[in-house]
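Hi,

Here is the structure I said I would pass on. Have a look at it first, and my notes follow underneath.

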Amino acid sequence: MLEGLREAVRKFLGGGSTYKDSVEEFIRDLQRELIRADVNVALVKRLSDAIRQRALEQEPPPGVSRRDWFLKIVYEELVKVFGGEEPPSVEPRKVPWVILLVGVQGSGKTTTAGKLARFYSARGYRVGLVETDTYRPGALEQLRTLAQMSGALFYGEPAGRAEEIASRGVKELESRGAQVIIVDTAGRHGYGDEQALLDEMRRIADAVSPDEVALVVDAAIGQRAFDLARRFHEATPIGTIIVTKLDGTAKGGGVLSAVAATGARVKFVGTGEKVDELEPFDPQGFVSRIMGLGDIRSLLERVREAEAEERAVKVVEEDIEKGRVNMRTIYAQLKSIRRLGPLSRVLEMLPLSTLPVKVGDEQVKLGEEKINKWLHIIESMTYEELDDPDIIDRSRMRRIAVGSGTTVNDVKELLAYYKSVKAVVKRLKRDRSLLRRFGLQAGE
Ligand SMILES: Nc1nc2c(ncn2[C@@H]2O[C@H](COP(=O)(O)OP(=O)(O)OP(=O)(O)O)[C@@H](O)[C@H]2O)c(=O)[nH]1
Ligand SMILES: [Mg+2]
């Protein structure tokens with residue numbers, strides 16, 4: 001599903017045509033892939049517009065290429081389409097946690113009941129399964145076998161009213177200590193229409209007051225899942241959605257985006273017939289996978305680091321402007337020097353790091369090694385010391401040196417550097433013309 005997206009990402013990162021042309025080409029590839037996966041056309045249009053607009057309006061932080069920045073935007077917009085940032089919680093919030101599985105015939109309810117039993121058993125819960133389907137011959141035995149395979153408790157009756165079986169089943173399993181109880185329902189009825197199914201579902205829900213109603217949807221129905229989920233939701237508020245058979249269709253993108261568009265959450269996806277082929281659905285993981293996991297992970301990491309640096313640089317700038325320098329300022333400054341290297345924009349803006357600093361007779365050169373050592377030293381300081389380094393006396397120096405695996409002399413050297421920076425900043429603050437010359441004035 002959406003296999004072509006990975007190729008489009010690779011092509012885009014590879015360069016070739018101009019940035020603008022590449023963006024348009026990528027958006028076309030993306031649209032084609034999404035529509036092939038049965039994602040709703042209006043949704044695809046909205047997504048493309050959002051991506052294009054952000055790509056035009058937002059500038060990458062320093063150190064991030066425009067292509068990386070663009071793909072980060074694509075990633076974020078796709079995550080929104082497929083369900084948002086938060087992976088859904090699969091943990092029961094009370095005991096017993098009763099899950100009612102509903103869905104049309106053949107969607108995979110009974111199979112999923114078995115998979116859920118296996119999933120929760122593996123997490124250490126005592127699980128119970130209830131079969132209420134008396135229409136489908138063999139349903140009882142199908143689920144009993146699945147229960148045995150995962151060591152779950154089982155309750156079922158060969159005939160009777162579904163809501164009464166459900167009610168007796170939940171009570172019985174609860175008394176036997178089940179912590180997660182999964183109620184399977186029929187997809188096929190004597191009357192054979194959807195209304196009969198929805199009515200029965202409502203009666204069962206009234207009888208057992210489930211903590212979660214999970215709609216089981218076959219991925220092959222694609223974007224039609226939108227209307228299906230809505231109809232079920234009107235009958236009984238659907239808590240979550242489980243998409244099955246994602247392994248067997250190209251329409252996975254359609255079903256996942258359609259479900260997200262209803263506001264419901266996809267909690268699990270089924271990826272095969274076997275009892276362990278069920279996984280919690282994580283929109284971020286899903287989007288990373290379709291875009292090419294390795295590429296996207298490292299790209300997002302690069303952008304995140306650059307953004308953190310940009311914030312650090314802002315802190316330094318603000319502190320300098322206000323004439324307020326403490327060890328946190330030094331830390332932020334050292335970090336930005338280390339990451340961006342001497343030729344970066346940051347250093348041009350920060351006269352401090354280019355000023356020769358005298359400590360005793362030796363001139364301090366801020367080499368990579370020294371910066372790392374100093375960062376360790378600062379990390380060993382208390383909040384009090386960070387805010388007011390002047391309180392660091394001989395005994396505090398010893399403690400900090402031990403804590404950071406350095407020597408008292410190293411700590412002294414850093415403190416001397418701090419004092420010289422502070423002095424420079426004071427001087428800069430006094431001399432506003434100098435400040436202006438270095439472009440550090442607010443608003444410039
Ligand atoms: N490939 C694949 N097949 C699945 C998956 N989940 C279920 N199936 C298959 O789908 C078919 C129907 O599954 P059931 O669990 O019996 O469906 P149901 O919703 O209980 O059906 P009714 O009780 O008749 O409404 C079976 O052949 C399952 O093996 C899945 O995630 N992947
Ligand atoms: Mg069934």
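Thr110 has a side-chain N or O atom 2.8 Å from an oxygen atom of ligand 1. Keep in mind that this is a predicted model. Two other residues make polar contacts with oxygen atoms of this ligand: for Gln142 the partner is a polar side-chain atom, at 3.4 Å, while Gly187 uses a backbone N or O atom, at 3.3 Å. On its own ligand 1 has 650 Å² of accessible area, and the protein covers 84% of that. There are 18 residues around the ligand, and Thr110 is one of those that come nearest, along with Gly108, Lys109, Thr111 and Asp247.

Next, a bit of the fold that you can trace by eye. Strands S2 (residues 127-131) and S3 (residues 153-156) run parallel, with four bridges joining them. If you want a place to start, find Glu131, which sits opposite Gly156 of S3. To get from S2 to S3 the chain goes through helix H6 (residues 139-149), making a right-handed β-α-β crossover. Gln142, the residue with the 3.4 Å contact to ligand 1, falls within the H6 range of 139-149.

And the whole chain? It has 20 helices and ten strands. Of its 444 residues, 50% are buried. Taking contacts between residues at least 6 apart in sequence, 72% link residues at least 24 apart. The exposed area comes to about 21,600 Å², with 49% of it supplied by carbon and sulfur atoms.

That's what I have for now. Shout if you want to go through it together.

Cheers

Note on methods:
Residues numbered from 1 in each chain as written. Chains lettered and ligands numbered in written order. Predicted model: local features only at pLDDT ≥ 70, side-chain atom pairs only at ≥ 80, totals over all residues. Heavy atoms only, no water. Pairing = 2+ DSSP bridges. Helix = DSSP H or I, 4+ residues; strand = E, 2+ residues; numbered from the N terminus. Right-handed = clockwise from strand over helix to strand, strands pointing away. Buried < 20%, exposed > 50% of the residue type's maximum accessible area, 1.4 Å probe, protein only. Contact = heavy atoms within 4.5 Å. Areas by Shrake-Rupley, 256 points an atom, 1.4 Å probe, with all protein chains shown as cover. Near = heavy atom within 4 Å. Polar contact = N/O pair within 3.5 Å; in protein donor to acceptor, adjacent residues only side chain to side chain.
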